[in-house]
Amino acid sequence: MSEWETAFQSGVVVWDWIIAIYLFLAGMSAGSVMISIYLKRKVIVGKPSENGILKATAFLAPFGIIVGLTILVFHLTKPLDFWKIMIFINPTSVMAMGVVLFNVYMATLFAWIGIIFRKQIVGFLKGRFDIVDSILDKLESFENYLELFLAFLALLLAAYTGFLLSALPTFPMLNNPVLPILFLFSSLSSGAAACLLVGILVFKESPLSASVSWVHSFERPVVMFELFVLVAFFTGLIFAGGQSEQAAWNAISGGFWANWFWWGVVAIGMLLPLLLNTITPKSIRHGALYIFTVTSLSLAGVLMLRTFILYAGQLTLV
């Protein structure tokens, strides 16, 4: 068996790479929503429904949650029993409270998207469902409160992806209070990259627009702070001593997952995009190939980070 197969097929692993994809998609959804709400309130001039970044979020945010939950449901031992966790809520279960958060987040998200793109939705329906227009008309009077509530839910969702791993308390690397903060900033990083990728290349937002410029200026400090939190994450484990210290050194000092972390997460996913954004001339930065390359590197880095935390966290139990 190859090193790759050994790393991903260990019998110790409770939650595998499918869960890593779910965590990545949920984080990307939350990050894109937080960024777009700020753009709508502070940056965008004119109709928000015409902005490519907001159009990208209207696609990415629901896509991340729907696909992520679908993957999770079919990955369960008894997927047809998933509805029970939605009906019989256990307030002591991190997973059950997450389902409640997802439901409220999705309902609020669709209401917010409906308000922004009301004209397009009503035009698409061509008068066949007048009740939709009536509902959106009533919701529009609460748009400000709805938007602030959605931003709060997105913040909770981004952090929740870190809290969820605390459901495995026997693994010292995962039982870490810094993890939700790390996942929050990685969600913002993936949300920014996904918004730029889809907003510019699919919805044709100008690379010179104010919203794209703001996301670019926001992306760099977020990645740098993500690096800082990553250092704090491992420093806290090392200073804690005992099993926590051993778990940290096992994860980053050698072997498959250490290479995954240093070369994949840090070098390719964080430092390389930062370097490219620093040394590349502005004329090249606005090109489709450059935008695709840098955003893809950032997204790959976040996915690799989630995978690393999940696997290394479960395999470094001593």
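This tour goes from a pair of packed helices to a long helix and then to the empty spaces in a predicted model.

Begin by selecting helix H5, residues 94-116, together with helix H7, residues 130-140; their axes lie 9 Å apart and meet at an angle of about 95°. Angles of 65 to 115 degrees count as roughly perpendicular, and H5 and H7 are therefore roughly perpendicular to each other. To see where the two helices touch, show the side chains of Ala111, Gly114 and Ile115 on H5, which meet Leu136, Leu139 and Glu140 on H7. By class, the residues of this contact comprise 4 nonpolar, 1 polar and 1 charged.

Next, select helix H10, residues 210-240, whose 31 residues reach 45 Å from the first C-alpha to the last, close to the 45 Å expected at 1.5 Å a residue. Just after H10, pick Gly241, where the backbone takes a positive phi of about 75°.

Keep H10 displayed and turn to the largest pocket, which has a volume of about 250 Å³. Its lining is made by Pro207, Leu208, Ser213, His216, Ser217, Glu219, Arg220, Asn277, Lys282, Arg285 and His286. The elements that give two or more residues to this lining are H10 and helix H13 (282-285), and H10 supplies the largest share, 5 residues. If you colour the lining of the largest pocket by class, you will find 2 nonpolar, 5 polar and 4 charged residues.

From the open pocket, move on to the enclosed spaces, of which there are 3 cavities of 30 Å³ or more. The largest cavity has a volume of about 100 Å³, and among the 13 residues that line it, those closest to its centre are Ser189, Val223, Gly269, Pro273 and Ser298. Show H10, helix H12 (256-279) and helix H14 (288-315) as well, since each of these supplies at least two residues of that lining, with H12 giving the most, 5 residues. The lining of the largest cavity has 5 nonpolar, 5 polar and 3 charged residues.

Finish at the second largest cavity, with a volume of about 50 Å³, by selecting Leu196, His216, Glu219, Asn277, Arg285, Tyr290, Ile291, Val294 and Thr295, which line it. H10 and H14 each supply at least two residues here, and H14 gives the most, with 4 residues. In this second largest cavity the lining has 4 nonpolar, 3 polar and 2 charged residues. As a last selection, display His216, Glu219, Asn277 and Arg285, which are among the residues lining the largest pocket and also among those lining the second largest cavity.

Definitions and conventions. Residues are numbered from 1 along each chain as its sequence is written. This is a predicted model: local features need pLDDT of at least 70, side-chain atom pairs count only at pLDDT 80 or more; totals for chains, interfaces and linings use all residues. Side-chain values use heavy atoms; hydrogens and water are left out. Axes are lines fitted to C-alpha atoms, for helices over the stretch in contact, and angles run from 0 to 180 degrees between N-to-C directions. Angles under 35 degrees count as roughly parallel, over 145 as roughly antiparallel, 65 to 115 as roughly perpendicular and the rest as oblique. Contact means heavy atoms within 4.5 Å. Ala, Val, Leu, Ile, Met, Phe, Trp, Tyr, Cys and Pro count as nonpolar, Asp, Glu, Lys and Arg as charged, and the others, Gly among them, as polar. The expected span of a helix is 1.5 Å times one less than its number of residues. On a 1 Å grid over the protein atoms alone, a cavity is a set of points where a 1.4 Å probe fits but cannot get out, and a pocket is an open set with protein on both sides within 12 Å along at least five of seven lines; lining residues have an atom within 4 Å of a point. Grid points are joined across faces, edges and corners, and a volume is the space filled by probe spheres set on the points.
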